[in-house]
Amino acid sequence: MRKVVLSALVVAFFAHALFAIELPKAPSGFTWQEVPEIKAAFLKPDGWFFKKENSKGTLAYFITKEDLTSNGEFATGLTINVFHFKQDSAVDHGKALIDQMATQHHVKTWSRAFGPFQEYGCELKDTDASGTIMMHALTVANPKTNTLYLFIFESPAADWDAAWKLGQQIMDTLAIDDQI
């Protein structure tokens with residue numbers, strides 16, 4: 001199990017201030033991809049692509065190695081889904097999503113509280129007709145706003161070690177506003 005250290009969440013706990021001032025300098029090889037509609041920013045490796053979608057009330061963002069405009073698919077990258085719940089608990093949904101993945105793939109999960117956020121995560125391997133992929137899944141729930149963020153970084157298993165070096169840096173440095 002990898003320890004998920006969301007270093008930017010230390011800053012993001014006060015993220016409303018982040019967007020009033022400049023974000024910290026991005027690490028070498030990355031730029032900040034700002035997402036103003038959710039008052040968030042994510043590291044994007046140089047040369048990678050960004051796409052956003054809004055479908056049935058779910059906001060989806062993609063930071064991918066492959067350009068999604070050509071065929072709508074990618075092999076390596078991060079998917080971010082943002083859900084705003086009116087009645088159901090974002091924390092319960094976040095835990096249930098990770099528990100479901102863990103049950104289906106027989107992997108261990110981890111969790112921790114950080115400021116107002118509750119995090120649940122797992123790392124898994126999945127094989128189907130197209131091949132084997134590795135996935136690192138993390139839910140970050142804000143019970144104060146009843147918002148759930150689902151982060152899934154994935155890559156073909158053969159490329160995982162190199163891809164995860166970038167993915168881990170992205171996943172460890174999330175800047176999200178605790179007011180959203």
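How many residues apart in helix H5 do tryptophan 160 and tryptophan 164 lie? In this predicted model, the two residues are four apart, about one turn of the helix. Their six-membered rings have centres 5.2 Å from each other and planes at 10°, and because planes under 30 degrees apart count as stacked, the pair falls into that class. Both residues are also shielded: tryptophan 160 is buried, with a relative accessible area of 5%, and tryptophan 164 is buried with a value of 5% as well. The two tryptophans belong to one aromatic cluster, formed by Trp48, Phe153, Trp160 and Trp164.

Aromatic contacts recur elsewhere, and the total comes to nine aromatic pairs. Another of them joins phenylalanine 83 and phenylalanine 85, with ring centres 6.3 Å apart and planes at 25°, so this pair is stacked too. Phenylalanine 83 is partly exposed, at 21% relative accessibility; the assignment follows because buried requires a value under 20%.

The sheet comes next. Seven strands make up an open sheet in the order E3-E4-E5-E9-E8-E7-E6, and their pairing is antiparallel. At its edges are strand E3 (49–55) and strand E6 (109–114), each of which pairs on one side only. On average, and with direction ignored, neighbouring strands are turned by 15° against each other. Within this arrangement, strand E4 (residues 58–64) and strand E5 (residues 77–84) are joined in the antiparallel sense by six bridges. A residue-level view of this pairing is given by phenylalanine 62, which stands opposite threonine 79 in E5.

Two helices can be placed against these strands. Helix H5 (residues 160–172), the home of the stacked tryptophans, packs on the sheet and touches E5, E7, E8 and E9. The direction of H5 makes about 160° with that of E9. Helix H4, in turn, lies across E6, strand E7 (117–128), E8 and E9, and runs at about 25° to E7.

Charged side chains add a further set of contacts, with five salt bridges counted. One of them sits within helix H4 (residues 90–105), where lysine 95 and aspartate 99 are four residues apart and therefore separated by about one helical turn. Their side chains meet with an N to O distance of 2.7 Å. Lysine 95 is partly exposed at 38% relative accessibility, and aspartate 99 is likewise partly exposed at 29%.

A second salt bridge connects arginine 112 with glutamate 119, at 3.0 Å from N to O. Here the partners fall into two accessibility classes: arginine 112 is partly exposed, with a relative accessible area of 27%, whereas glutamate 119 counts as buried at 1%.

A third salt bridge is formed by the side chains of aspartate 178 and lysine 144, at 3.4 Å from N to O. This pair links distant parts of the chain, 34 residues apart. Aspartate 178 lies in the segment after strand E10 (174–176), while lysine 144 belongs to the loop between strand E8 (131–142) and strand E9 (147–156). Aspartate 178 is buried, with a relative accessible area of 4%, but lysine 144 is exposed at 51%. The exposed label for lysine 144 rests on a cut-off, because a residue counts as exposed when its relative accessible area is over 50%.

Note on methods: Residues numbered from 1 in each chain as written. Predicted model: local features only at pLDDT ≥ 70, side-chain atom pairs only at ≥ 80, totals over all residues. Heavy atoms only, no water. Salt bridge = Lys/Arg side-chain N within 4 Å of Asp/Glu carboxyl O. Buried < 20%, exposed > 50% of the residue type's maximum accessible area, 1.4 Å probe, protein only. Pairing = 2+ DSSP bridges. Axes fitted to C-alpha atoms, helices over the stretch in contact; angles between N-to-C directions. Contact = heavy atoms within 4.5 Å. Phe/Tyr/Trp six-rings, centres within 6.5 Å; stacked < 30°, edge-to-face > 60°.
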